[in-house]
Amino acid sequence: MVVSLILLLNGHKLFAKENNKAAKSTESVNNLINSNQDKELITNKLYGDGFVYLVFQKDGFQTNYLVDYKTGEEKNLEDFIREDKKSDFQNKINELLELKYPKFVVEAIKNSSGNRTYSLTDNELVIEFLNVDLEFAEETKLDLKINFNEIKDYLTFAIETSLEYENENGYVYDKNKKTIALTFDDGPNGSRTNEILNILEDNKAHATFFMVGNRMASGASTILNVLNHNCEIGSHSYNHTSMKRQKLEEVIADETKTEEIYKSITGHDLIYTRPPYGAVNNEIKAALTNYIINWNIDPEDWLYRDSERVVNHILEHAGDGDIILLHDSYDSTVEAVRELLPKLYLQGYQVVSVGELANLTGNNLELNTIYRSFKRN
Ligand SMILES: [Zn+2]
């Protein structure tokens, strides 16, 4: 039988080390394999000098065993964590969870019954978290891939690891996921803008802030904080006058003024403009040297100042590729964002800036064009 041959090879290695005990272990591991004879053995691997990892497969389902090679006893991965390193191990898991998932998901995992399954690859420990109390719209696996390099000091056995490795990248935006851009106009608005940035960060979300030029100098630290949170900034004119009511030269002069202030604060150029009220004509459109970004979802947060209304409007109307208009000027909008982002996440959406939305949906931005949403190409 091919299966026991592989194991015997491992067994020989062990035998040389620990004579009778090892021979015995082979027997107990063999027993386990024999009792699973109706399944296909697809993994049979000795990790360090600690345990044998067996994976059986039948009808597309896999069964894993961690087996102590000395006793043949079935183990849980936690049995192989050094007693004095258990809290370090747990901290590492929490740290990587926070990199990968929104805060509310991490909290739900921590508050769950704690059921986990472990599986192993050549370089990684994969943990799947079960019975987490979250209502995802679609089936969603909550898991973590931890490179052995991250945890080798916590294990009771030595393990060979490759020096070069990639861990979980944390949260990565995905071209195949439904995507929405959040935009905030009329700032910077000090503490409200900064609180929105915290909420975005907690939810692995980004946004684009369209700011008014004459507010920028006094809001310089907020502007820098926006960039620190990997969010984007665009022009929302110099003093929020409708461009349609200005002479073209005034429009251009105001845009230039706004860009100069922005550049003096950040060292960067602005590449987006959202005209106040979205008001633009063909002449202005052709003259602007930034990409023009309007919106297609407007919950009128400035009018109703009602967070529940804003959240419901967005959940009812917004879909993949849409651009949502909000204002970081109202406490009710801050609260709306706090409620909205977990709901969108559970619905399977990722929330990003305008530039990220264009990129993820495969759109190249062009001048002399008014963008209201980004449909997939
Ligand atoms: Zn505005």
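Here is a quick tour of this protein, from its overall build down to a few single residues. Keep in mind that the model is predicted. The chain folds into 13 helices and 15 strands. With a radius of gyration of 28 Å, well over the 21 Å that the globule rule gives for 377 residues, the protein is more spread out than a compact globule.

**Overall build**

- Along its principal axes, the C-alpha atoms take up a box of roughly 95 × 40 × 35 Å.
- Half-and-half is the story for burial: buried residues account for 50% of the 377 residues.
- If you look at contacts with a separation of 6 or more, 65% of them involve residues 24 or more positions apart.
- The accessible surface adds up to about 18800 Å², and carbon and sulfur atoms supply 44% of that.
- On the charge side, you get 40 positive and 60 negative side chains. The centres of those two sets sit 1 Å apart.

**The four-stranded sheet, E1 to E4**

- Four strands make an open sheet in the order E1-E2-E3-E4, and their pairing is antiparallel.
- At the edges you'll find strand E1 (40-47) and strand E4 (74-75), each of which pairs on one side only.
- E1 and strand E2 (residues 51-58) run antiparallel and are joined by seven bridges. To find your way around that pair, start from Glu40, whose bridge partner in E2 is Gln57.
- E2 then connects to strand E3 (residues 61-68) through eight bridges, again antiparallel. Here Tyr53 stands opposite Leu66 in E3.
- The E2 and E3 hairpin has two residues between the strands, and Asp59 there takes a positive phi near 50 degrees.
- Two bridges hold the antiparallel pair of E3 and E4, with Val67 standing opposite Glu74 in E4.
- The hairpin of E3 and E4 has five residues between the strands, and Gly72 in its turn shows a positive phi of about 75 degrees.

**A buried strand, E13**

- Five of the five residues in strand E13 (residues 323-327) are buried, so this strand is largely enclosed by the rest of the structure.
- Both of its faces are covered: one side carries Ile323, Leu325 and His327, the other Ile324 and Leu326, and all of these are buried.
- Strand E8 (residues 178-187) pairs with E13 in the parallel sense, over five bridges. Within that pairing, Asp185 has His327 of E13 as its bridge partner.

**Backbone oddities**

- Some background helps here: most residues other than glycine have a negative phi, and most peptide bonds are trans.
- The Gly187 to Pro188 peptide bond is cis, with omega near 0 degrees. Pro188 belongs to the loop between E8 and helix H5 (190-202).
- Lys204 has a positive phi, near 55 degrees, in a residue other than glycine. You'll find Lys204 in the loop between H5 and strand E9 (208-211).
- Lys204 has a relative accessible area of 19%, and since buried means under 20%, Lys204 counts as buried.
- Ser237 is another residue other than glycine with a positive phi, this one near 75 degrees. Ser237 sits in the loop between strand E10 (232-235) and helix H8 (248-266), and at 5% relative accessibility Ser237 is buried.

**Two loop glutamates**

- Glu139 lies in the loop between strand E6 (124-129) and strand E7 (143-147). With a relative accessible area of 85%, Glu139 is exposed.
- Glu139 and Leu357 are 218 residues apart along the chain, and 24 Å separates their C-alpha atoms.
- Glu300 is in the loop between strand E12 (291-293) and helix H10 (301-304). Its relative accessibility is 29%, so Glu300 counts as partly exposed.
- Glu300 and Tyr65 are 235 residues apart in sequence, and C-alpha to C-alpha they are 56 Å apart in space.

Methods: Residues numbered from 1 in each chain as written. Predicted model: local features only at pLDDT ≥ 70, side-chain atom pairs only at ≥ 80, totals over all residues. Heavy atoms only, no water. Pairing = 2+ DSSP bridges. Rg over C-alpha atoms; globule rule 2.2 N^0.38 Å. Buried < 20%, exposed > 50% of the residue type's maximum accessible area, 1.4 Å probe, protein only. Contact = heavy atoms within 4.5 Å. Areas by Shrake-Rupley, 256 points an atom, 1.4 Å probe, with all protein chains shown as cover. Lys, Arg positive; Asp, Glu negative; His and termini not counted. Charge placed at Lys NZ, Arg CZ, Asp CG, Glu CD.
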